[in-house]
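Hi,

Here is the structure I promised to send over. Have a look at it first, and then read on for what turned up when I went through it.

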Amino acid sequence: MSKKQQPKGTRTYNYMILNNKNEGATFPVAVDYSFLQDLFQIERSYREDQVVLFRRNSHPVRKYHVTEMSLRLMMTIFRRFNTEGSLIGVSIHRLYQLMNEEYEDAGSKEQFYAEVRKFIALKLISTNRSGLITQWRVESFKRGTGRFVLFNPVVFTKAFTDLPVAAQKLYLYVVSRNGQKVNTEFKEFLGEDCWLYTLTHKSRPAQVRELLRSLAALESIAGEPLFNAASVDKDALGRWALRCVPNPAYLARHQAGQHYRSIPKAKVPYSRTVGRLRMLLHSFNIGDFEFMEHGQTFLRLAQLLRNSGLKKLRFAARRLQEMMRRDPLLAADPILVLQSELADREFVQFMELSKRTGIYPFIVSDETDEFGLARPIQFYRAIRAHFSLKRFAAVCRRALPLLRGQQSALGGAGGEDFYLEDFLIERFATT
């Protein structure tokens, strides 16, 4: 690992310059506490475990055992998945490449693939593919605890991954239990059936002491060991206990921002629908829509409109243009809006007719929130029971001169209390 002079002071070592493929600093990683607990708990079934071939022609893997690759996969998940615990448009091979970008030394591809299958079998993560979309999800996020543990980027260094996996697990366990405490001793008794023996697969105090020594000897920051103090000794009552004081130089203090995650751009498989959408977005001057949320929104749009005709695609692009003009930051989910509108095939026809006849500006309001975006579907649902498509075209042509004549009285294209559907129903529904 290359060294870089960093400012001195308590808890200033929040990032490192590593010999990995990241440009610039590697920041701490925020791991969901529930996920970490779920992963470690599988060790309780280790004695009853058997090796499993999770992939054809791969080496056997113990299902109920936390391996070094288990820890690598966990860190990769919480570096690359979004804050909602999901990742869209990324293949398993790309996820493997992303893992190797974080670590100073590459991991085995076969072991990684097998570990992913193991995580799925343990219901730690799930994956599904619907049409164009491959989506990964962290299952522990469903519990919504919102508690995270920040791990220093030392966990990505070769010096750390070269440690015995039992020592790596012990360090992560101590940090998760000690939290943000500074210069505070961590203590846990060692008994016949203690949890630390189960987690590390060690059964004697001397073995745990050796793990502590290996951790205390690691100095990824010059002159700064992982532990300022570490011992396994008997107390006055003759009880064995592990004691250690994590070095605050490796304590990652939470800072607001997105630097703990690096979400990859979704890969959008090329198809006729995708090509047409890209062309239409550029023709409506909203080409940047493709890159929103690392391409995930565009991928959802392509999924919604796959195998659709050009007419529907053009309507969607025009509707997106309208939404982005009203709300450049798109507080409302544009894909959900379109999904609701396109659920009824006649909706598109009614809206296209309203635009051709010139009454569409009287439908939409000046609101920029979710209500304003929902005005077209609200209008359609109100008038569809009163007018057929053919009748609606005639009504629009008759209504337009009246609407223009009253435009000043109505306050532009529509006054505060004016709803076009009420106007059309009252004037034309019974004639």
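The second largest cavity has a volume of about 50 Å³. Keep in mind that this is a predicted model. Three elements each give two or more residues to the lining of that cavity: helix 2 (68-80), helix 5 (158-161) and helix 6. Helix 2 provides the largest share, with four residues. If you want to click through the lining, go to Glu68, Leu71, Arg72, Met75, Tyr103, Val155, Phe160, Thr161, Gln168 and Leu172. Sorted by class, that makes six nonpolar, two polar and two charged residues.

In total, the structure holds two cavities of 30 Å³ or more. The largest cavity contains about 150 Å³ of space. It is lined by 17 residues, and those closest to its centre are Val175, Pro246, Asn247, Tyr250 and Leu251. Strand 7 (148-151) and helix 6 (165-178) each supply at least two residues of this lining. Helix 6 gives the most, with three residues. So which classes of residue make up the lining of the largest cavity? Eleven are nonpolar, five are polar and one is charged.

Helix 6 is worth keeping on screen, as it turns up in the linings of the largest cavity and the second largest cavity.

Now for the aromatics. A search of the whole structure gives 14 aromatic pairs. One of them is Tyr15 with Phe27, a tilted pair with 5.8 Å from centre to centre and 40° between the planes. Both residues are in the segment before strand 1 (29-32), so the pair ties together parts that are twelve residues apart in sequence. Are these two buried or exposed? Neither, as it turns out: Tyr15 is partly exposed, with a relative accessible area of 26%, and Phe27 is also partly exposed, at 31% relative accessibility.

Phe160, which you met in the lining of the second largest cavity, has a ring partner in Tyr171. Their ring centres are 5.6 Å apart and the planes are at 70°, so this pair is edge-to-face. Phe160 belongs to helix 5 and Tyr171 to helix 6, so the pair ties together parts that are eleven residues apart in sequence. Phe160 and Tyr171 are both buried, whereas Tyr15 is partly exposed.

Further along the chain there is a cluster too: ring pairs link Phe315, Phe347, Phe350, Phe379, Tyr380 and Phe392.

Two rings also have a charge sitting over them. The charged end of Arg62 is over the ring of Tyr46, 4.5 Å from the ring centre. Likewise, the charged end of Lys355 is over the ring of Tyr360, 4.8 Å from the ring centre.

One last residue to look up is Gln339, which lies in helix 12 (residues 334-342). How far is Gln339 from Leu304 in sequence, and how far in space? The two are 35 residues apart in sequence, and their C-alpha atoms are 7.1 Å apart. Gln339 counts as partly exposed, with 43% relative accessibility.

If you open just one view, I'd start with Phe160: this residue lines the second largest cavity, pairs edge-to-face with Tyr171 and is buried.

Cheers

Key: Residues numbered from 1 in each chain as written. Predicted model: local features only at pLDDT ≥ 70, side-chain atom pairs only at ≥ 80, totals over all residues. Heavy atoms only, no water. 1 Å grid on protein atoms, 1.4 Å probe; cavity = no way out; pocket = protein on both sides within 12 Å on 5 of 7 lines; lining within 4 Å. Points joined across faces, edges and corners; volume = space filled by probe spheres on them. Nonpolar A, V, L, I, M, F, W, Y, C, P; charged D, E, K, R; others polar. Phe/Tyr/Trp six-rings, centres within 6.5 Å; stacked < 30°, edge-to-face > 60°. Buried < 20%, exposed > 50% of the residue type's maximum accessible area, 1.4 Å probe, protein only. Lys NZ or Arg CZ within 6 Å of the ring centre and 35° of its normal.
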